[in-house]
There are 2 protein chains.
Amino acid sequence: MAIINETFKALSDATRRKIIRLLRERDMTAGEIAEQFNMTKPSISHHLNSLKQARLVLDERHGQHIVYSLNTTVVQEVMGWFLEIVSGEEETGREGEQR
Amino acid sequence: MAIINETFKALSDATRRKIIRLLRERDMTAGEIAEQFNMTKPSISHHLNSLKQARLVLDERHGQHIVYSLNTTVVQEVMGWFLEIVSGEEETGREGEQR
DNA sequence: TCCGTATTTAGACGTTCTTCTAAGTATCTA
DNA sequence: TAGATACTTAGAAGAACGTCTAAATACGGA
């Protein structure tokens, strides 16, 4: 699947959008994230995997825990797509700028 | 369904995103839109209905034709949600501004 | 090396989504 | 008012999705 499509699909679920909002505050382990929802851990794990496939989040093992964080680079990129699709803004593509 | 969720779902499909891009160029009838896709008219009609439910497009009958256009007000609003969710920008809520 | 904790993977089940064909509704024109 | 055109609605089939329970894997500590 094209990555852009995967990313929009990832954003189409309310649970996953809430996970993104949580990770905007701070990095969290899978367990900490699961605590915020009325849902089993396997279900949250599945959602985290969707976000990972879409490259919206990154995971890193720290001992027994797996810490999830926002992939800010891709989040910026996605924002560019979104602006392009929804409001007609073209990406400027200025060099040397982080996005 | 919460309208915000419906809107993100509407944006999660590539066909619907292409319809939005087409309507950014100019208003089009259902038939003109359908011509741009390898898909039956009923299928396109269904996608147009999704976009209408999400308030992303408006429709207006002109004789035999139904003309679709972008609902720019809502598109701006959605962009605000998107920025809020994905990049942490809060809406400013400045009064008197159109959005 | 065995046990407990953290997390994922596998498999199943019901729901929602996308698409199709067939049939219906609305409008214009003769 | 009958026929043609534009579009939608209805109903069905298959794929994708979200959730669950049960089982597997990975790691740390006794």
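**Entry 1: L56(A).** I started with L56(A) and skipped its neighbours within four places in sequence. I found L56(A) in contact with T7(A), A10(A), L11(A), I20(A), L51(A), S69(A), L70(A), N71(A), V74(A), V75(A) and V78(A); contact means heavy atoms within 4.5 Å.

**A note to myself.** This is a predicted model, where local features need pLDDT of at least 70 and side-chain atom pairs count only at pLDDT 80 or more, while totals for chains, interfaces and linings use all residues. Residues are numbered from 1 along each chain as its sequence is written, chains are lettered from A in the order in which they are written, and side-chain values use heavy atoms, leaving out hydrogens and water.

**Entry 2: the core.** Next I looked up the largest nonpolar core, which has 54 residues. Such a core joins buried (under 20% relative accessible area, 1.4 Å probe, protein chains only) Ala, Val, Leu, Ile, Met, Phe, Trp, Tyr and Cys residues through side-chain atoms within 4.5 Å. I met L56(A) again here: along with I33(A), I33(B) and L56(B), L56(A) touches the most other members.

**Entry 3: DNA strand C.** I then turned to the DNA and counted 22 residues around strand C, each with a heavy atom within 4 Å of the strand. The closest are G31(A), Q64(A), Y68(A), S43(B) and H47(B). Of the strand C atoms that come within 4 Å of the protein, 71% belong to sugar and phosphate.

**Entry 4: phosphate oxygens.** I checked G31(A) once more: a polar backbone atom of G31(A) is 2.7 Å from a phosphate oxygen of DNA strand C. For S45(A), I read 2.8 Å from a side-chain N or O atom to a phosphate oxygen of strand C.

Technical notes:
Buried means under 20% relative accessible area, exposed over 50%, partly exposed in between (1.4 Å probe, protein chains only). A polar contact is a pair of N or O atoms within 3.5 Å; within protein, one must be able to donate a hydrogen and the other to accept it, and residues adjacent in sequence count only if both atoms are side-chain atoms.
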